[in-house]
Amino acid sequence: MERNSGIRSTLITESTNVSNYPRVDSVSLSSVYQQFDGTLVTVPFGAENVERTARNEYRMLLDEHDSEDVLVITGAPTSADTFREALGEELPGAATPYVTSSVVHATDVLNQTDDRVILSDALRRELLYRFLADYEWETEYLQRASAQPSFIEDVDAVMGTISWQTVRPDETPELRDITAALDAFHAWLAEHGHMERGQLISEALDVLTGDARGDVVDFDAVLAVEFEEFFPLDRAYLDALAGDCELVCVAEENASVRRTWVETGPVTDYVSFSESRCGASGTPSTRPAVTAAYFAEETVPEDPEAGSVSVLATDSSDEQLAEIANEIEELVVQPDWGYDDIAVATNQSGSAVTDIIEAFEGTGIPTESTTVTGFGDDPAIRELLAAVRYLADDEDDGPDHGPELDTDRLNRVSETESLEDTIHWWATDAGLKERIAERAAPLDAR
């Protein structure tokens with residue numbers, strides 16, 4: 001929470017009730033030891049230390065490369081804006097650093113090279129339910145378990161882990177059966193011109209290691225921040241992405257949260273670099289940062305007297321949400337506070353986030369999830385993206401990949417000098433808003 005500069009107060013909640021949301025712990029996720037030709041910079045715990053080190057490393061890369069030739073890749077999509085703002089201070093004028101994440105970059109790669117439509121998480125879940133409803137399981141255990149009401153949801157959780165991490169668990173016949181079902185689901189999606197988001201990085205990795213790499217890689221240096229959160233597949237993707245480029249990775253000590261769901265210990269147990277060094281450190285400047293350092297390292301620095309931390313103790317998850325909702329409403333009635341200044345962090349994604357959003361919206365609190373990539377997977381958006389690429393590349397023929405474009409529209413917009421006017425006209429003439437609204441919930445569409 002301390003990394004979001006828009007949050008001026010941190011809410012830490014306690015509950016004596018264990019979460020009801022499923023978590024996949026039984027799948028064996030073997031990690032491959034990876035060797036990188038690059039530099040690893042380890043940084044003491046603290047967001048300020050990470051941002052300070054990232055700026056220093058970025059500045060040194062700019063001494064050798066132009067800003068548009070330096071790719072900055074983050075450990076999570078939600079961090080891109082934070083580092084884009086922090087690193088932007090190193091650039092003159094209105095220049096913007098090239099910051100993305102593994103999954104967003106993989107999406108962009110596939111948008112350029114693959115015709116399949118990337119399903120939203122909601123649509124993917126609906127199609128999986130339909131697919132598994134008639135699926136014939138091989139093992140007796142899964143045949144009996146499939147009669148239980150929660151079966152598909154539980155299998156979905158296992159399949160999601162297998163898909164995102166590209167693992168092949170084979171410890172038991174049941175795990176092999178689930179893996180085979182996932183393969184069949186992916187084949188079924190491919191027959192209908194679709195893929196799920198869990199395939200993004202693995203499919204894009206195939207592109208980066210194939211003949212089309214030169215069509216999607218256009219930089220000379222890579223700066224990977226939050227490297228401590230890179231999953232094994234993320235690290236493989238980073239390795240293929242960097243190729244012969246200059247590579248610098250920044251890893252924060254004792255900060256791995258998401259990655260430790262599948263790996264134990266620090267990320268340095270699983271990687272080696274041709275060069276390594278330590279980054280600069282400093283004393284936490286806010287109470288939320290001090291609290292985070294205490295939980296991560298059990299350190300007790302001097303009280304900085306800036307910022308505040310509250311603990312809300314409840315007996316159940318429902319009471320917890322109610323207390324948080326009350327706390328949010330008390331904050332927004334104060335001067336200079338609004339809903340946009342507050343973030344609620346959870347220890348899980350997926351259905352946990354969806355349930356929390358529904359609970360807050362039920363009390364009238366407007367919410368927005370940062371675990372999704374917006375409407376980037378919508379066919380209307382993909383069509384507009386293909387049109388922009390066509391115009392930016394000044395191609396004579398239509399694009400080789402992606403959705404088929406209306407030739408009449410292409411001919412008309414080719415005569416327009418302003419790309420901004422062209423995009424606005426295309427979006428309007430193609431009914432972009434209406435088409436998005438047809439596929440999205442009313443609140444999302446708005």
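**A cavity and three helix pairs**

The largest cavity holds about 60 Å³ of space. This comes from a predicted model, and the count of cavities of 30 Å³ or more comes to 1. Ten residues, or in figures 10, line the largest cavity, and the closest to its centre are Phe45, Gly46, Ala47, Glu48 and Pro284. As for where the lining comes from, helix H1 gives the largest share, with 3 residues. Sorted by class, the lining is a mixed bag of 4 nonpolar, 4 polar and 2 charged residues.

Helix H1, which turns up in that lining, also packs against another helix. H1 spans residues 47-62 and its partner H2 spans residues 80-88; the two axes sit 9 Å apart and meet at an angle of about 55°. That angle makes H1 oblique to H2, and the crossing of the pair is right-handed. On the H1 side, the contact is made by Val50, Glu51, Ala54, Arg55 and Tyr58, while H2 brings in Thr82, Phe83, Ala86 and Leu87. By class, this contact of H1 with H2 works out at 6 nonpolar, 1 polar and 2 charged residues.

Next up is helix H8, which has contacts with both H3 and H10. Helix H3, residues 102-113, packs with H8 at an angle of about 55°, and their axes are 9 Å apart. H3 and H8 are therefore oblique to each other, and H3 passes H8 in a left-handed crossing. The H3 side of the contact is made up of Ser102, Val103, Ala106, Thr107, Val109, Leu110 and Thr113, and the H8 side of Leu200, Ile201, Glu203, Ala204 and Val207. Broken down by class, the contact of H3 with H8 has 8 nonpolar, 3 polar and 1 charged residues.

The other partner of H8 is H10. Here H8 covers residues 200-208 and H10 covers residues 232-242, with axes that come within 10 Å and cross at roughly 25°. Angles under 35 degrees count as roughly parallel, and so H8 is roughly parallel to H10. The crossing of H8 and H10 is left-handed. From H8, the residues making the contact are Ile201, Ser202, Ala204, Leu205 and Leu208; from H10, they are Leu233, Asp234, Ala236, Tyr237, Ala240 and Leu241. These residues divide into 9 nonpolar, 1 polar and 1 charged.

Looking at H8 from both sides, Ile201 and Ala204 appear in the contact with H3 and in the contact with H10. Glu203 of H8 is listed in the contact with H3, whereas Ser202 of H8 is listed in the contact with H10.

How values were computed: Residues are numbered from 1 along each chain as its sequence is written. This is a predicted model: local features need pLDDT of at least 70, side-chain atom pairs count only at pLDDT 80 or more; totals for chains, interfaces and linings use all residues. Side-chain values use heavy atoms; hydrogens and water are left out. Axes are lines fitted to C-alpha atoms, for helices over the stretch in contact, and angles run from 0 to 180 degrees between N-to-C directions. Helices (H or I, at least four residues) and strands (E, at least two) are DSSP runs, numbered from the N terminus. Angles under 35 degrees count as roughly parallel, over 145 as roughly antiparallel, 65 to 115 as roughly perpendicular and the rest as oblique. A crossing is left-handed if the near helix is turned anticlockwise from the far one by less than a right angle, and right-handed if clockwise. Contact means heavy atoms within 4.5 Å. Ala, Val, Leu, Ile, Met, Phe, Trp, Tyr, Cys and Pro count as nonpolar, Asp, Glu, Lys and Arg as charged, and the others, Gly among them, as polar. On a 1 Å grid over the protein atoms alone, a cavity is a set of points where a 1.4 Å probe fits but cannot get out, and a pocket is an open set with protein on both sides within 12 Å along at least five of seven lines; lining residues have an atom within 4 Å of a point. Grid points are joined across faces, edges and corners, and a volume is the space filled by probe spheres set on the points.
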